[in-house]
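Me: I would like a close look at one part of this protein, with the surroundings filled in afterwards. Keep it brisk, please.
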Amino acid sequence: MTATPITPSTPSPRAEPNLLHRRVVPLHGQGSRAELMRLLGVGDAGTRGNEPLVDADLWCVRAGAVLLREGDHDDTVFVVRSGSLKCVKTLEDGYEQVLAFAQPGDLLGFEALHEGTHPATVIALEHATVYALPLALLRSGLGWLDEGLRQGLSRQLARAAETAELMSAVTADVRLARFILWVSARMARAGQSPRRFVLRMGRRDIASFLGTAHETTSRSFTTLADLGLIAVNNREVEILDMDGLKARALATRGLAGDAGASAAGRARPPRRPRALAWPVAGTPAGTARLLEAA
């Protein structure tokens, strides 16, 4: 695998010494049932306090490290505990399409249980930790774990429509407005500020996810800022007018003043079709595979 300590400067005392130079490291004994169930949306039901998970590990993933690689065989399902990751599909011509952004509570690797191999590569956007649940544990018939996985998958599929809605917008600035509101909602669910946050993904990743050109996404940030809806400083975003941003996100056409820019954006469609196949992104195909795997 790949490895890193909990922080680049302070290795975890519980991490195995011979793994500290790598980009992903298992942190044995640092997880608990209660925390895992809360991440899956179940709360403390079916758990016994902070009892450690004997058969599952907590892994630390350094920014830029590959957690799962497209085409690899694996028998482990991951639950994101902290940080964020991106799911990337490599197309036949080598282009990397961003399919989804995974955050705490999301499940990763479930499709490999059905297909035999991972359909996409998962890369950490920042320092992250994940619970690693081996296939043997998933098949052990533990009622509390089965309930947690059902709840986690159900919640993940219920949020699938949010991603589909992002892609239904006609103009690039409306897609971006919906994306910012989507991030804002996820921040609120995590107990963080929904109005001021740092985007962990770069603009190229956002453009790939939204199916627009990088330059178009950059112009869309400028458009929303010029309208007084947001303030942007590199990756720091502040929503100045929440109601106005929501109204913009509901628009089906470009603004009168930027009709030319919108027409130009539509005249040049994304270079490649969006390959919607990752369950976190909530596509019908991904949904069907998740239900089969569950």
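Which residue has a side chain joined to that of S82 by a polar contact, and how many Å does the contact span?

Reply: It is T129. The side chains of S82 and T129 are joined by a polar contact of 2.6 Å. Keep in mind that this is a predicted model.

Start with the setting of S82. The residue belongs to strand 4, which covers residues 76-82. Its relative accessible area is 25%. That value falls between the 20% limit for buried and the 50% limit for exposed, so S82 counts as partly exposed. Leaving aside residues up to four places away in sequence, S82 touches P104, A128 and T129. T129 is thus both a contact of S82 and its polar partner. V130 belongs in this picture too. The C-alpha atoms of S82 and V130 are 6.9 Å apart, although 48 residues separate the two along the chain.

Now widen the view to the sheet. Strand 4 is part of an open sheet of five strands. The order is 1-2-9-4-7, and the pairing is antiparallel. Strand 1 (24-27) and strand 7 (107-108) are the edge strands. Each has a single partner strand, so one side of each lacks a neighbour in the sheet. At the strand 1 end, four bridges tie strand 1 to strand 2 (residues 57-61), and the two run antiparallel. P26 has W59 in strand 2 as its bridge partner.

At the other edge, look at L107. The side chain of Q156 reaches the backbone nitrogen of L107 at 2.9 Å. Q156 sits in helix 4 (residues 143-158). Its relative accessible area is 4%. The limit for buried is under 20%, so Q156 counts as buried.

There is another open sheet, of four strands. Its order is 3-8-5-6, again with antiparallel pairing. Strand 3 (66-68) and strand 6 (96-102) stand at its edges. Each pairs with a single strand, so one side of each has no neighbour in the sheet. Neighbouring strands here are turned by 35° against each other on average, direction ignored. Strand 5 (residues 85-90) and strand 6 run antiparallel, joined by six bridges. L85 stands opposite A102 in strand 6. Helix 7 (residues 203-210) packs on this sheet and touches strand 5 and strand 6. Its direction makes about 95° with that of strand 6.

Next, a hairpin. Strand 11 and strand 12 pair in the antiparallel sense over four bridges. N233 stands opposite E236 in strand 12. Two residues lie between the strands of this hairpin. N234 is in that loop. Its phi is near 60°, a positive value in a residue other than glycine. Its relative accessible area is 66%. The limit for exposed is over 50%, so N234 counts as exposed.

The hairpin strands also meet helix 9 (residues 242-249). In helix 9, M242, G244, L245, R248 and A249 are buried. They cover an arc of only 165° around the axis, so they share the same side of helix 9. The buried residues of helix 9 pack against strand 11 (230-233) and strand 12 (236-239). Their other packing partners are helix 6 (172-189) and helix 8 (214-226). At the start of helix 9, a side-chain oxygen of D241 comes to within 3.4 Å of the backbone nitrogen of D243.

Finally, the whole chain. The protein chain holds eleven helices and twelve strands. It has 294 residues, and 48% of them count as buried. About 13700 Å² is exposed, with carbon and sulfur atoms supplying 52% of it. Take the contacts between residues at least 6 apart in sequence. Of these, 68% join residues at least 24 apart. The approach of S82 and V130 fits that setting, with their positions 48 residues apart in the chain.

Methods
Residues are numbered from 1 along each chain as its sequence is written. This is a predicted model: local features need pLDDT of at least 70, side-chain atom pairs count only at pLDDT 80 or more; totals for chains, interfaces and linings use all residues. Side-chain values use heavy atoms; hydrogens and water are left out. Buried means under 20% relative accessible area, exposed over 50%, partly exposed in between (1.4 Å probe, protein chains only). Contact means heavy atoms within 4.5 Å. Accessible areas come from the Shrake-Rupley method with a 1.4 Å probe; for residues, only the protein chains shown count as cover. Two strands pair if DSSP finds at least two bridges between them. Axes are lines fitted to C-alpha atoms, for helices over the stretch in contact, and angles run from 0 to 180 degrees between N-to-C directions. The arc is that of the directions from the helix axis to the C-beta atoms. A polar contact is a pair of N or O atoms within 3.5 Å; within protein, one must be able to donate a hydrogen and the other to accept it, and residues adjacent in sequence count only if both atoms are side-chain atoms.
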